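Q: Could you take a close look at one part of this model for me, the nonpolar core, and show how it sits within the rest of the chain? I would enjoy a connected walk-through.

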Amino acid sequence: MNKTSPSEKVKELGLEFPPAPQPVGVYRPILVVGKFLYVSGQGPINMDGTLMVGRAGDDQDMEQAKKAARQVGLTMLSTIRTHFGGLDQIKRVVKVLGMVNSTPDFGKQPYVVNGFSELMADVFGKENGIGVRSAVGMMLPDNIVVEVEAMFELH
């Protein structure tokens, strides 16, 4: 049984990655501890390096915010490739925390974060690309639409 590697899936899906963001505080973009890769909170970076900004329930509807969450996934994969070296050493997604910049009455944060989770399932497969997850609403730095932090298990 041939299993397609994450890097092959990226090519197959024709995914393009934005530039990996540089840390804007005192933290590491990634950290490997034992067999786990932890990725600091990532925002949605456009291909030109600018941030996707806005607030769900205000100037972003559900679909726009979901697209921003998918863009966070592309940003995170870019960060992993830049600071870790590649995607094929990743066995599975373990934990995802999705934070959505949203108005108090916007209740669709889990739907929005599906944009990130669906991309991970596409790249790593349904079995290994879907882990445990939380999706919450809050105010985010620089008015970014979505921020996600994640933990991955390594081979």
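A: Happy to; what follows starts with the whole chain, moves into the core, and ends with a few places elsewhere. Please keep in mind that this is a predicted model.

Let's begin with the overall layout. The protein chain has three helices and five strands, and in sequence order they run α-β-β-α-β-α-β-β. The C-alpha trace spans about 45 × 35 × 30 Å along its principal axes. A compact globule of 155 residues would have a radius of gyration near 15 Å, and the protein chain agrees with this because its own value is 15 Å. Of those 155 residues, 45% count as buried. Among contacts with a separation of 6 or more, 84% are between residues 24 or more positions apart. On the outside, the accessible surface comes to about 8,100 Å², and carbon and sulfur atoms account for 52% of that.

Now to the part you asked about. The largest nonpolar core holds 35 residues, and the members that touch the most others are L37, I80 and F152. Strand 2 (36–42), helix 2, strand 3 (90–101), helix 3 and strand 5 each give two or more residues to this core. Helix 2 provides the largest share, with eight residues.

I80 is a good place to pause. Leaving out residues up to four places away in sequence, I80 touches L37, V39, G85, G86, L87, I90 and F152. Two of these partners, L37 and F152, are themselves named with I80 as the members touching the most others in the core.

F152 then leads us to the aromatic rings. The structure holds one aromatic pair. Its rings belong to F124 and F152, with centres 6.1 Å apart and planes at 50°, so the pair counts as tilted. This pair links distant parts of the chain, since F124 lies in helix 3 (residues 109–129) and F152 in strand 5, with their positions 28 residues apart in the numbering. F124 and F152 are both buried.

Helix 2 deserves a second visit, this time at S78. This serine is found in helix 2, which covers residues 62–83. S78 is buried because its relative accessible area is 6%, under the 20% cut-off. Setting aside neighbours within four places in sequence, S78 is in contact with F17, P18, P19 and A20. For one of these partners, A20, the C-alpha atom is 5.3 Å from that of S78, although the two residues are 58 apart along the chain.

For a contrast with these buried residues, turn to the loop between strand 4 (132–138) and strand 5 (146–154), where D142 is placed. N143 is in this loop between strand 4 and strand 5 as well. D142 has a phi near 55°, a positive value in a residue other than glycine. N143 also has a positive phi, near 60°, and is likewise not a glycine. As for their surroundings, D142 counts as exposed because its relative accessibility is 60%, over the 50% cut-off. N143 is partly exposed, because its relative accessible area of 36% falls between the 20% and 50% limits.

To bring the view together, I80, L37 and F152 touch the most other members of the core, F152 pairs with F124, and the loop with D142 leads into strand 5, the strand in which F152 lies.

Definitions and conventions. Residues numbered from 1 in each chain as written. Predicted model: local features only at pLDDT ≥ 70, side-chain atom pairs only at ≥ 80, totals over all residues. Heavy atoms only, no water. Helix = DSSP H or I, 4+ residues; strand = E, 2+ residues; numbered from the N terminus. Buried < 20%, exposed > 50% of the residue type's maximum accessible area, 1.4 Å probe, protein only. Contact = heavy atoms within 4.5 Å. Phe/Tyr/Trp six-rings, centres within 6.5 Å; stacked < 30°, edge-to-face > 60°. Core = buried A, V, L, I, M, F, W, Y, C linked by side-chain atoms within 4.5 Å. Rg over C-alpha atoms; globule rule 2.2 N^0.38 Å. Areas by Shrake-Rupley, 256 points an atom, 1.4 Å probe, with all protein chains shown as cover.
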